Amino acid sequence: MAAAALSMPEIENKAMNLGIDLSTIDFDNIVLPPGDDFGINSDDEDILHEEEAPEFETGYGNVIVVDNLPVVSPEKFAKLEGVIRKIYSQTGVIKEGGLWMPVNPDTNMTLGYCFIEFNTAQEAKEAKEKTDGYKLDKSHIFVVDMFDDIDRYMNVPDEWTPAEIKPYEAGDHLQHWLTDEKARDQFVIRAGTVTEIFWNDARQVRPDPVYQRQYWTDSFVQWSPLGTYLATVHRQGAAVWGGKSTFNRIHRFPHNQVKHIDFSPGERFLVTYSSQEPSNPRDTHRVVLNIFDLGTGKLMRDFRGSVDDFTTGGSGGLSGISWPIFKWGGGKEDKYFARIGKNAIYVYETETFILVDKKSYKVDNVVDFSWSPTDSILALFVPELGGGNQPARVSLVQMPGKVELRQKNLFSVSDCKMYWQSNGEYLAVKVDRYTKTKKSTYTGFELFRIKERDIPIEVLELDNKNDKIIAFAWEPKGHRFAVIHGDGPRPDVSFYSMKTGGITARVSKLTTLKAKQANALYWSPAGRFIVLAGLKGFNGQLEFYNVDDLETMATGEHFMCTDIEWDPTGRYVATAVTSVHEMENGFHIWSFNGKLLYRIPKDHFFQFQWRPRPPSLLSPEKEEEISRNLRKYSKKYEAEDQDVSLALSEQDRKKRRSLQEEWETWTARWKQYHEEERELRLQLRDGEASDDEGSQEQYEAKEVEAEEVLDVHEEIVD
């Protein structure tokens, strides 16, 4: 029987009682009897027990079978093997001698399939997921299976047994928030360590809590483009959440040290990004990009390389990377995604996740590109070359055929920015050009009418073409745009229309607002209304402007405002002061016409984001009919607003009545105390009544005027 283990203080006390000096004992030379540890466990033994036994590959879990390969003769065998090795070496390490293509002994031709053995089963599974359906050419699309699966299929029993039918379990209703009877919108905020989701209950003049959670994310949260999911970011990867009110986790997306995420416009895919600092300072950061299927959580493709492989031709962001690296095209169907590279644009199709036509789109010296929001059209910009001998150009290219629809050459170009209108009907190209002396620049706009025949282009120059362009913004779903321009401390704001009196091929100026405290433009998602905002140096000046009537509806101020965002319906505007400033953190909710509805202060306020809404299911004709008969539809909501207003008024009256009753109760109680202590006060004053009792002394109030000389000013008059 082993002795009980003793702590070191207990050993020292025991030695003292026995008269033993522990400092004279060499513990390293003490040898325990065989099989006896005296109750003292070895540290090495603990580690040995904790360590998991090394895993070894057993069976054929690390082998895949690739079918539908080309059938080739011995002369082309080496070439085909090289192609297969190139494809599959990107997904894992092929063992030495791990690629075998069977050959027909009679014809010496390959049989159209091969076996590939990887180092691990995980690499084999990843290879199957990424290459099953890989299109080598039109006649050869890979069919990939695990070898163990084939073995299992070969051993299917001859006798059929019915499959077990599991009871149906209804999933989370991911669009439930759209059924709100009050037609309210939701928003998410982050303050401190808490993330909260609210209804914007403007009728009650307060937010209505939906859900909150502490430590929900490690860095930020992000709604998906149609509002279906809320994404959170963690050290181990990203997660998406949704549901009626509890926001259950829908999927996890493993990606170590993820820093950025991006949704495709149609919510089909999620892109995650991470970068790792190199151990050698002379090396560049390593970048990892994963693209997941948002519905299944499956990894569809990954991209790995150095920062140089993903650096754009334009100005880069973190470590030279401009986020998002991939830009999505093909409208809400998410048909394509593309990134810019050196002298090329890499366009991938989401059906196979390989390059369109299996090759990049070569464009020498391309520095920027953008997709049409609705069509598979690329707009790309190439700067001047050869000291101006080769002009800059903007090109429109149709995918997938890579057909150039329109090109415009530009001369003496300093910089160029492209702005698509939300319906893809117009493209504005802001062009900064050098003057003849090359000492300064001036700005103009090239306006493309995408939907018209031959895509006509108009040139627009400001009244003062030397004005600096501070901001530009298209009206959503509309034909107007706004420009902030000027060099002074109070710039001008001009509004233009692409349609004038039925003539569709002419741009015209609607009005110019002089000397405004504005440096940012925020259109309502429904158009018509815009907020002219003065951020940073203007300290949060706000002007709510009606572009239909060309008049200011209201002005306001949110001191030190850092962020402005319209709700998806265009009814309300949120302004926020985030933790960029140490003071005044929180957010304000305004009506579309500039009425401040309520304020919510929040310490350590990091983020405010409205929950997006999917596009309306109504046809354009139905929307137009509702707009024409808005009074008929609005009666119901006006009655509801009146009921809420009366309820709020009644609540205010009850509150005032309660306060008055509380005051009267308090004063009555103290009057009673005062009366009960009357005899005691008389005793303390030797029978004399106090100031407010008995014979009160009469006081007379007098007004006394006093004059004071404030200033003396002498002036000589001729």
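**Exercise 1. Find what the charged end of Lys327 sits over, and do the same for Arg611**.

Solution. Start with the lysine: the charged end of Lys327 sits over the ring of Phe369, 4.7 Å from its centre. The cut-off for a charge over a ring is NZ of Lys or CZ of Arg within 6 Å of the ring centre and within 35 degrees of the ring normal. Next, the arginine: Arg611 lies over the face of Trp177, with 3.8 Å to the ring centre.

A quick word on the ground rules. This is a predicted model, where local features need pLDDT of at least 70 and side-chain atom pairs count only at pLDDT 80 or more, while totals for chains, interfaces and linings use all residues. Residues are numbered from 1 along each chain as its sequence is written, and side-chain values use heavy atoms, with hydrogens and water left out.

**Exercise 2. Work out why the pair Phe481 and Tyr496 is stacked, and where its two residues lie**.

Solution. Step one is the search: the whole structure yields 45 aromatic pairs. Rings of Phe, Tyr and Trp (its six-membered ring) pair if their centres lie within 6.5 Å; planes under 30 degrees apart count as stacked, over 60 as edge-to-face and the rest as tilted. Step two: the ring centres of Phe481 and Tyr496 are 5.2 Å apart and the planes are at 15 degrees, so this pair is stacked. Step three: Phe481 lies in strand E32 (residues 480-485) and Tyr496 in strand E33 (residues 492-497), so the pair ties together parts that are 15 residues apart in sequence. Helices (H or I, at least four residues) and strands (E, at least two) are DSSP runs, numbered from the N terminus. Step four: both Phe481 and Tyr496 are buried, where buried means under 20% relative accessible area, exposed over 50% and partly exposed in between (1.4 Å probe, protein chains only).

For an aromatic cluster, look at Phe269, Phe303, Phe326, Trp328, Phe337, Tyr348 and Phe353, which form one together.

**Exercise 3. Take apart the largest nonpolar core**.

Solution. A nonpolar core is a set of buried Ala, Val, Leu, Ile, Met, Phe, Trp, Tyr and Cys residues joined through side-chain atoms within 4.5 Å. The largest one has 20 residues, and those touching the most other members are Ile64, Val66, Ile84, Tyr88 and Ile116. Now see who contributes: at least two residues each come from strand E1 (63-67), helix H3 (74-88), strand E2 (94-100), strand E3 (113-118), helix H4 (121-131) and strand E6 (143-146). H3 gives the largest share, four residues. Zoom in on Val66: leaving out residues up to four places away in sequence, its contacts (heavy atoms within 4.5 Å) include Tyr88, Cys114, Ile116 and Phe142. There's also a second, separate core of 18 residues, with Ala392, Val413, Val431 and Ile450 among them.

**Exercise 4. Which residues do the cis peptide bonds at Pro324 and Pro400 join, and where are these prolines?**

Solution. One cis bond joins Trp323 and Pro324, with omega about 0 degrees. Pro324 is in the loop between helix H6 (307-310) and strand E18 (327-329). Another joins Met399 and Pro400, where omega is about 10 degrees. Pro400 is in the loop between strand E25 (392-398) and strand E26 (403-410).

**Exercise 5. Place Gln257 and say how exposed it is**.

Solution. Gln257 has phi near 60 degrees, a positive value in a residue other than glycine. The loop between strand E13 (248-254) and strand E14 (260-263) holds Gln257. With a relative accessible area of 42%, Gln257 is partly exposed.
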